[in-house]
Amino acid sequence: MYDFDNSSFTILVADDQEPNRELLSAWLTAEGYQVICAEDGDKALSLIRSQEIDVALLDVVMPHRTGFTVCQIAKSTPETRLIPIVLVTGLDRPDDRVHGAMCGADDFLSKPVNKHELLARVHSLVQLKQFTDELDNAETVLFSLALTIEAKDPYTEGHCDRLSKYSVALGEKLGLPQDLRVALRRGGLIHDIGKLSVPEHILLKPGPLTPEERKIMERHTVIGEEICAPLRSFRHVLPIIRHHHEKQDGSGYPDGLKGAQVPLTARILQITDIYDALTTDRPYRKALPLEKAFAIMREEVKRGWWDGSILNEFEAVVHGYEPVHPAGTRS
Ligand SMILES: [Fe+2]
């Protein structure tokens with residue numbers, strides 16, 4: 001187990017009542033924690049966004065923004081979602097816990113706050129934060145590795161980042177839940193991580209690959225899945241990594257899945273991947289205009305490669321949600 005030095009942890013105490021802030025702050029400071037205070041919801045949110053906070057204690061009823069709102073915003077923002085949040089609520093407000101849970105609160109404390117309960121809660125949450133920070137670091141290492149693959153080919157620079165943004169936008173348009181949108185963001189960045197196992201003379205070969213080389217190249221899907229499998233937080237990303245080269249007619253790899261067997265998130269990534277490849281410069285051709293790119297993709301939908309309904313949705317996203325073709329004329 002970890003031997004904690006509390007002085008390395010920063011606790012945010014947000015409460016509009018000064019005596020409450022002072023009391024909680026005094027108890028926590030006596031235990032060695034660094035404490036910063038906020039007197040309203042806006043200040044609390046700006047501290048959460050700008051400081052390294054290890055645990056946030058939020059009073060529910062505060063001016064400007066309530067503890068609920070601050071919690072909900074922090075938990076729906078990738079950079080702050082791992083900060084443990086405790087809502088401090090009056091005993092006479094039982095519905096607060098339900099509402100708080102809906103906003104993503106990690107825990108609750110009842111007013112008047114009991115000193116021992118507070119310190120026990122904060123102690124366990126700083127440990128949780130330590131573990132999640134390490135998980136975050138593991139993810140960061142994977143993302144950095146994925147970028148080294150992209151860096152090998154100057155023509156793909158920025159590809160994964162754009163892919164990530166397009167895929168999340170398409171996921172939003174399709175009404176996907178947040179966990180799948182997060183998976184799309186990660187999948188965009190990391191789907192080709194298995195290419196680490198592909199020798200450079202194959203990876204960067206300008207001409208067509210031999211059947212043997214193709215086999216090695218195609219294994220990047222399976223190896224990518226193996227690399228990321230140990231991370232629990234990547235469980236929704238694994239299907240994207242494994243299946244991003246499947247085709248609707250079953251002619252893709254590695255499993256020859258057909259139609260709806262290809263996971264929805266993988267079908268989304270395929271569309272954004274091809275779109276980005278067609279609309280950026282390549283060694284063998286210049287970037288294609290949007291309409292030309294979509295015409296090619298519609299042809300490929302007819303050939304049985306991609307999901308046509310997702311392509312239509314993506315066209316709407318790219319064109320700012322304006323339908324480009326009259327109903328019934330799309331492939
Ligand atoms: Fe790939």
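Where does Pro-112 lie? I began my notebook with this residue, and I keep in mind throughout that the structure is a predicted model.

**Entry 1: two cis peptide bonds and a positive phi**

I found Pro-112 in the loop between strand 5 (107-111) and helix 5. When I looked up the peptide bond that leads into this residue from Lys-111, I saw that the bond is cis, with omega near -5°. I then turned to Pro-254, which lies in the loop between helix 11 and helix 12, and there the peptide bond from Tyr-253 to Pro-254 is cis, with omega near 10°. I noted these bonds because most peptide bonds are trans, just as most residues other than glycine have a negative phi.

That second point led me to His-64, whose phi is near 70°, a positive value in a residue other than glycine. I located His-64 in the loop between strand 3 (55-59) and helix 3. Is His-64 buried or exposed? I wrote down a relative accessible area of 64%, and because the cut-off for exposed is over 50%, His-64 counts as exposed.

**Entry 2: helix 2 against helix 3**

Two packed helices are described by the angle between their axes and the distance between the axes, and I looked up both values for this pair. Helix 2 (residues 41-50) and helix 3 (residues 67-75) pack at an angle of about 20°, with 9 Å between their axes. Because angles under 35 degrees count as roughly parallel, I recorded helix 2 and helix 3 as roughly parallel to each other. The crossing of this pair is right-handed.

On the side of helix 2, I listed Gly-41, Ala-44, Leu-45, Ile-48 and Arg-49 as the residues that make the contact, and on the side of helix 3, Val-70, Ile-73 and Ala-74. Sorted by kind, the residues of this contact are 6 nonpolar, 1 polar and 1 charged.

**Entry 3: helix 5 against helix 7**

How do the axes of helix 5 and helix 7 cross? I read that they come within 8 Å of each other and cross at roughly 40°, and helix 5 and helix 7 are therefore oblique to each other. I noted that Glu-139, Leu-142, Phe-143 and Ala-146 of helix 5 meet Arg-186, Leu-189 and Ile-190 of helix 7 in this contact. The residues here divide into 5 nonpolar, no polar and 2 charged.

**Entry 4: the nonpolar cores**

In soluble globular proteins, nonpolar side chains tend to be buried together, and I next looked up where that happens in this model. The largest nonpolar core has 34 residues, and those with the most contacts inside it are Leu-142, Ile-190, Cys-228, Phe-234, Ile-271, Met-297 and Phe-314. Among the elements that give two or more residues to this core, I noted helix 5 (115-152), helix 7 (178-190), helix 13 (290-302) and helix 14. The largest share comes from helix 12, with 6 residues.

I followed Ile-190 further and, leaving out residues up to four places away in sequence, found that Ile-190 touches Leu-142, Phe-143, Ala-146, Cys-228, Phe-234, Val-237 and Ile-241. There is also a second, separate core of 23 residues, which includes Leu-12, Ala-56, Ala-74 and Leu-87.

**Entry 5: two residues of helix 14**

I looked up Ile-310, which has its place in helix 14 and counts as buried at 3% relative accessibility. Apart from residues up to four places away in sequence, Ile-310 touches Leu-170, Leu-264, Arg-267, Ile-268 and Ile-271. I also checked Ile-310 against Glu-22, 288 residues apart from it along the chain, and their C-alpha atoms are separated by 55 Å.

Glu-313 lies in helix 14 (residues 308-318) and is partly exposed, with a relative accessible area of 27%. Its C-alpha atom and that of Leu-170 are separated by 7.2 Å, although these residues are 143 residues apart along the chain. With neighbours within four places in sequence left aside, I found Glu-313 in contact with Leu-170, Lys-173 and Leu-174.

**Entry 6: His-159**

Which residues does His-159 touch, not counting those up to four places away in sequence? I wrote down Glu-150, Asp-273, Asp-276, Ala-277 and Arg-282. His-159 has its place in helix 6 (residues 159-173), and with a relative accessible area of 8% it is buried.

Key
Residues are numbered from 1 along each chain as its sequence is written. This is a predicted model: local features need pLDDT of at least 70, side-chain atom pairs count only at pLDDT 80 or more; totals for chains, interfaces and linings use all residues. Side-chain values use heavy atoms; hydrogens and water are left out. Helices (H or I, at least four residues) and strands (E, at least two) are DSSP runs, numbered from the N terminus. Buried means under 20% relative accessible area, exposed over 50%, partly exposed in between (1.4 Å probe, protein chains only). Contact means heavy atoms within 4.5 Å. Axes are lines fitted to C-alpha atoms, for helices over the stretch in contact, and angles run from 0 to 180 degrees between N-to-C directions. Angles under 35 degrees count as roughly parallel, over 145 as roughly antiparallel, 65 to 115 as roughly perpendicular and the rest as oblique. A crossing is left-handed if the near helix is turned anticlockwise from the far one by less than a right angle, and right-handed if clockwise. Ala, Val, Leu, Ile, Met, Phe, Trp, Tyr, Cys and Pro count as nonpolar, Asp, Glu, Lys and Arg as charged, and the others, Gly among them, as polar. A nonpolar core is a set of buried Ala, Val, Leu, Ile, Met, Phe, Trp, Tyr and Cys residues joined through side-chain atoms within 4.5 Å.
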